[in-house]
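Student: I should like to go through this structure term by term. Please set each value against its definition before drawing a conclusion.

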Amino acid sequence: MPTEFDSEKEIISLRKKGLTDEKVIKDLIEHKKNNPCLLKKRLPCEMYDKVNLMCRKYMDRMARFEVDYDFHIDEEAFKNVAICCLECAPFMHSQVIKSPITPYWKVRDYNINDMIFAKTVDDIEKAKQEFFAREIPLSSNVQMNIGLFYYENKTYVCFIWNHMCFDGGGYKSFWTDFCKNYSDYVLECKSPIAFSSKSRKYTEIYKDLDKTTAKKAKKQFANISPRDNHTMPFETLEKTDNVIIVSREIDEPHFTKAINYAKSIGATVNDILVAAYIDALGKVSGMKDNESISISCATDLRRYIKDPTSIGYTNHVSFIHCALKEKGKDIKETLKNVSNKTKELKQDEFMGLHGLPLLNIGYKTMVYLQAEAVVKMFYKNPTLSVSNVGAIDTKAFSLANNPPFSAFVAGAAKNKPCAVMTALSINGVLKASMCLRGTEKDKEVLERFFDEFKISIESI
C-alpha cells in the first residue's frame, strides 16, 4: 500500500464524486488499498488505444449501445455502482493526453453526473437520437456517457463511449459485470466492487497459446487485404459532422427461418449478415452477378483466450476479408459463396492475428507522432465491413432479475465512403445498423440499402 494513501481524503473525494452509501465507500477504499494499480494517476495507452486514437481520421471514435428494460431503474443505486466501476477501471475517468512521444491516460477527478444523465422524457426516440449524436472529446474527464431515459414505466439505457476504451466484446464484459454488481447491490446489499482491473494489453491474446504456436503467431507480420473498389453509392464524398443512424429489425420468425436454412447448408449467422449485406449492396449499386466483391468482417480475438474474464475492458478485434470471386445470382447463392469462403478463412490457425506484431513494432520503436504517420501509410480502413456483436445473453444483462426486452448497437460514425454495418440479436430478433457522418441524401441511400437487406434475409 502506498504510504501517501489518505483514507480520510479518499472518503471526502468519493462523496464529492456522488457516492452516497457509506458502507460502499468503506469497502471501496479497502479494495483500492489492496490494489495499488488503482491509485495511479497516469496510465499507458495500450496498442489498441493508439490504433483507435489514429482512427479519428476515419470516424468520430464513438461507440454506441442501447439496452432497454421494462422497469424503473433505481437512479441512486445505478450511480453508486457506476462510481465503483470507474474507480476500478480508472482509464474510464481519464483524459487522453496526445503526447507526440507517447499518448497516455491522465486520471481525472469527476462527479458521476458528468457521466450519467437521467431524466423522464416524453419523446423517447428524440431523446435517443440527440444522445447518440453527441461526441466525447479526448479532453473529457470521463470517457463514457450513459443516458437513463425513463419513458412509460420503462428505462432505456443508452451508452456512448470513446472507442479507445473497448470494443463490442469489451462492452459486453463491462455491462455483464455492471449488471451483476447492480443486482448483488440492490438485492443482497453487497458492495459493487467486483469490476475488472486486469490487463488491457493486446499481448493477452497469446497467453493461452502453446509456446510454439505463440512464437509463430507473433511473427504474423503481413495482413494483406484484397483490392476492391466497390463502395456504397453515395452521391458525393463531401465531409460533414452530422451523425446519421439508419437501422432495421428482422423479426424472430423470419430470422429463425434464415438461421435454420443457413444451418442446413453449413453456414453461420455471420455468413447470413455478410451475404445479405452483399446482396443489398449489389441491388442499390447495380453490381453484376459475376462481379467479385470483398467485405471485411470483424473478428473477436478473445476466441484465443480461454477465460475472457481474465483480462480488462479493452479492444481485442481484428478484420478478416471475405473475398468472393462472384457475388452470385441471388441471396441463397451469395450465402453459399460466403459460407465456403469463411470456412476457408477459418482453416488459418492465426485468423485475425496477422499484422498485429507489425503494428506493435511500429508503436514501440518510434515516437507516437512518427508511428501514426507510418501506420497510416500501411493501414487500410475497411470501406465495406460487417461487425457482429452476436446474441445478447439476456440473463447476463439482467438488472435485479429484470432481463432486457430489447437492445441496439451502432458503431462509430464513419466518414464516407466507409459503410460499416453493426448487428446484434436479442430474443431471436436481429438488429442491424449503420452510423455515418453524412447528409440527408446519404441517409436515403442507407434507407434503400436496409430495405433490400431486410428483403434479402426475409427471402431466405
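Tutor: Let us begin with strand 9 (residues 293–300) and strand 11 (residues 384–391), which pair in the parallel sense over two bridges. The model is a predicted one.

Student: What makes strand 9 and strand 11 a pair?

Tutor: Pairing requires at least two bridges found by DSSP. Strand 9 and strand 11 have two bridges, so the criterion of at least two is met. Within this pair, Cys 297 stands opposite Val 386 in strand 11.

Student: How many bridges join strand 11 to strand 14, and in which sense do they run?

Tutor: Seven bridges join them, and the two strands run parallel. Here Val 386 stands opposite Met 421 in strand 14.

Student: Why is Met 421 called buried or exposed?

Tutor: A residue is called buried under 20% relative accessible area and exposed over 50%. Met 421, which lies in strand 14 (residues 419–426), has a relative accessible area of 0% and is therefore buried. Leaving aside residues up to four places away in sequence, Met 421 touches several residues, among them Leu 273, Tyr 277, Val 386, Met 434, Phe 449, Phe 450 and Phe 453.

Student: Why is Ile 101 called buried or exposed?

Tutor: The cut-off for exposed is over 50%. Ile 101 has a relative accessible area of 53%, and is therefore exposed. Ile 101 lies in the loop between strand 3 (94–97) and strand 4 (104–107). Together with Val 367 and Leu 369, Ile 101 makes a nonpolar surface patch of about 270 Å².

Student: In what order do the strands of the open sheet of three stand, and which are its edge strands?

Tutor: The order is 1-4-3, with antiparallel pairing. Strand 1 (42–44) and strand 3 are the edge strands, as each pairs on one side only. Neighbouring strands of this sheet are turned by 30 degrees against each other on average, direction ignored. Strand 1 and strand 4 are joined by three bridges, and Arg 42 stands opposite Lys 106 in strand 4.

Student: What makes strand 5 and strand 12 edges in the open sheet of five strands?

Tutor: That sheet has the order 5-6-7-2-12, with mixed pairing. Strand 5 (116–120) and strand 12 each have a single partner strand, so one side of each is left without a neighbour in the sheet. On average, neighbouring strands here are turned by 15 degrees against each other, direction ignored.

Student: How do you know that strand 2 pairs with strand 12 and with strand 7?

Tutor: Six bridges join strand 2 (residues 62–69) to strand 12, and eight bridges join strand 2 to strand 7 (residues 154–162). Both pairings are antiparallel, and each count satisfies the requirement of at least two bridges. Tyr 69 stands opposite Pro 404 in strand 12, while the bridge partner of Asp 68 in strand 7 is Tyr 156.

Student: Why is strand 12 described as largely enclosed?

Tutor: Six of the seven residues of strand 12 (residues 404–410) are buried, so the rest of the structure largely encloses this strand.

Student: Which residues of helix 11 are buried, and against what do they pack?

Tutor: In helix 11 (residues 356–365) the buried residues are Leu 356, Pro 357, Leu 359, Asn 360, Gly 362 and Tyr 363. They pack against helix 3 (47–54), helix 7 (211–217) and helix 12 (368–378).

Methods: Residues numbered from 1 in each chain as written. Predicted model: local features only at pLDDT ≥ 70, side-chain atom pairs only at ≥ 80, totals over all residues. Heavy atoms only, no water. Patch = residues over 30% accessible without salt bridge, like charges linked within 9 Å, V, L, I, M, F, W, Y side chains within 5 Å. Areas by Shrake-Rupley, 256 points an atom, 1.4 Å probe, with all protein chains shown as cover. Salt bridge = Lys/Arg side-chain N within 4 Å of Asp/Glu carboxyl O. Helix = DSSP H or I, 4+ residues; strand = E, 2+ residues; numbered from the N terminus. Buried < 20%, exposed > 50% of the residue type's maximum accessible area, 1.4 Å probe, protein only. Axes fitted to C-alpha atoms, helices over the stretch in contact; angles between N-to-C directions. Contact = heavy atoms within 4.5 Å.
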